[in-house]
Amino acid sequence: MKFLTQNETEMVQIVDGQVNVPAIIDQLTGQLSSEEPFYVMDIDDIVRKHQAWIEKMPRVVPHYAVKCNDTEVVCATLASMGASFDCASKGEIAKILALGVSPDRIIFANPMKPSSHLRYAGANNVKTMTFDSDIELHKIRKFCPDAKLVLRIRCEAEKASCPLGKKFGCDPVDEAPRLIKIARSLNLDVVGISFHVGSGCADFPIYYKAISIARKLFDYAKGFGYEFNLLDIGGGFPGDFGTSIDEVAMIVNTALDKFFPDKSVRVISEPGRYYVASAFTLVTNVQSKRICLDPATGTIDRMMYYLNDGVYASFNCIFFDNQTPKPKLIGEQRGKTYKTTIWGPSCDALDQLIETIHMPELQIDDWVIFENMGAYTIPIASPFNGFPLPKMYCYISKESWEMIEHLTTLSDETLCNTSAAELLSNYENVVCA
């Protein structure tokens, strides 16, 4: 199996003991130039997240949402541990297939698919895909008539960082029955129901409601000769430091036991931020500084700092994921705090990371750290104004390496003899530290 790299500056390092991100940052900031930002990726964090998922929701097969963070180390690590994948485009499907993942471990979970992407999916045996409109059904019938279709319904949380219901999902009461009838008339194979409560969900009981609605549609479809066997509960699971899936797991498991006790129904999900948010820490540097004085008193009114990463790169999550970055300092900054505004490096006033926060005074070349930067950051970043994107330094403990070294990918004849270590060791720059 080949593990493709996009950035030859990336590397995986195997370390003794646990991956100590603060210690690694201390080491790197002492060695690297301060001109460019960088990420520290803790692969062990992803391994722990997967182990927790399997333990707490053993019936729900995770299909990692590639759009959240398509870094190849992320995808390869999850593939090696038996996770499957949620892809939204031809490009994402190609990326996952290039890792050697079997097409039956991919769901094409974009309800609105370009015709050329449908043709590509069909040509590469990616058959499971979502839909939420009659026009999409006709398009699928034309370009991928043997698809295994999953009807996406709308059941959205009131609290979510990124609601999706305005764009995707049909009404489960009025539209879903009509679409099931149309699919039957077109002789298309609908195999189940999917929903997405919203990315960054903060209203976990909504999963129970959505699963109960899906049950009604499973029963309704029987009247048209369908025997649905797939339930996709989507994403929305928390992944920041200090969060847990315990509550949502309890709700999901309870709902599945009540509404889908028959284990012949396969249950999948589409977690993204759950796996990667806390695995990535961004390290930035103060490249410029401005002291704003109160004209009436001549005293300091506000400090303004300009970092070497901004909203056009890693901090696009402020706009696209409604995130609020929280800076952490390293060094000897103490004493009086000032009203502070933090900017990115570009020549655009939109490039503001934090409008007002109280912080001690910083100096040029001081380091500023941002945790929980793995979700919806890297894939969307651009080198706007010619500023370079952050480098990435990836770490895994020797214990985790040896643990996954003997794992073989589950339910995949293509990968049954390929260990995780083989997958990762094909990464161009693997070094032991």
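In this predicted model, lysine 113 counts as buried, at 1% relative accessibility. The side chain of lysine 113 meets that of glutamate 136 in a salt bridge, with a distance of 3.2 Å from N to O. The pair links distant parts of the chain, since lysine 113 belongs to the loop between β5 (106-108) and α5 (115-123), whereas glutamate 136 belongs to helix α6 (residues 134-143), 23 residues apart. Glutamate 136 also counts as buried, at 2% relative accessibility, so that both partners fall under the 20% limit of relative accessible area that defines a buried residue.

A search of the whole structure finds 15 salt bridges, among them one in which the side chains of lysine 67 and aspartate 86 meet at 3.4 Å, N to O. This pair likewise links distant parts of the chain, with lysine 67 in the loop between β3 and α3 and aspartate 86 in strand β4 (residues 84-87), 19 residues apart. The two partners are not covered alike: lysine 67 is partly exposed, with a relative accessible area of 37%, whereas aspartate 86 is buried, with a relative accessible area of 2%. A further salt bridge is formed by lysine 328 with glutamate 371, whose closest N and O atoms are 3.1 Å apart. Here the distant parts of the chain that are linked are strand β15 (residues 327-329), which holds lysine 328, and the loop between β18 and β19, which holds glutamate 371, 43 residues apart. Lysine 328 counts as partly exposed at 41% relative accessibility, and glutamate 371 counts as partly exposed at 32%. In addition, Asp42, Asp45, Arg48 and Lys49 are joined into one network by salt bridges that share partners.

Asparagine 69 is placed in the loop between β3 (60-65) and α3 (72-80). Asparagine 69 is buried, with a relative accessible area of 0%, and the side chain of asparagine 69 reaches the backbone oxygen of glycine 374 at 2.9 Å. When neighbours within four places in sequence are left aside, asparagine 69 is in contact with Tyr64, Val74, Cys75, Val276, Phe280, Gly374, Ile378 and Pro379.

A relative accessible area of 0% is also found for threonine 340, which is buried and is placed in strand β16 (residues 337-343). A polar atom of the side chain of threonine 340 lies 2.9 Å from the backbone oxygen of tyrosine 338. Apart from neighbours within four places in sequence, the residues in contact with threonine 340 are Arg302, Met303, Tyr305, Ile354, Glu355, Thr356, Ile357 and Met359.

Helix α1 (residues 21-31) has Val21, Ile24, Ile25, Leu28 and Thr29 as its buried residues. These residues cover an arc of only 125° around the axis, and they therefore lie on the same side of α1. On the other side of α1, the residues Pro22, Gly30 and Gln31 are exposed. The buried residues of α1 pack against four strands, namely β2 (38-42), β13 (280-293), β18 (367-370) and β19 (391-397). The N-terminal end of α1 is capped by asparagine 20, a side-chain oxygen of which lies 3.1 Å from the backbone nitrogen of alanine 23.

On the surface, a nonpolar patch is formed by Phe319, Phe320, Leu350 and Ile380, which together have about 380 Å² of accessible area. Within this patch, phenylalanine 320 lies in helix α11 (residues 317-320) and is exposed, with a relative accessible area of 53%.

For the protein chain as a whole, the secondary structure comes to 13 helices and 20 strands. Of the 433 residues of the protein chain, 56% count as buried, and the chain exposes about 18,600 Å², of which carbon and sulfur atoms supply 51%. Among the contacts in the protein chain with a separation of 6 or more, residues 24 or more positions apart account for 72%.

How values were computed: Residues numbered from 1 in each chain as written. Predicted model: local features only at pLDDT ≥ 70, side-chain atom pairs only at ≥ 80, totals over all residues. Heavy atoms only, no water. Buried < 20%, exposed > 50% of the residue type's maximum accessible area, 1.4 Å probe, protein only. Helix = DSSP H or I, 4+ residues; strand = E, 2+ residues; numbered from the N terminus. Arc of directions from axis to C-beta. Contact = heavy atoms within 4.5 Å. Polar contact = N/O pair within 3.5 Å; in protein donor to acceptor, adjacent residues only side chain to side chain. Patch = residues over 30% accessible without salt bridge, like charges linked within 9 Å, V, L, I, M, F, W, Y side chains within 5 Å. Areas by Shrake-Rupley, 256 points an atom, 1.4 Å probe, with all protein chains shown as cover. Salt bridge = Lys/Arg side-chain N within 4 Å of Asp/Glu carboxyl O.
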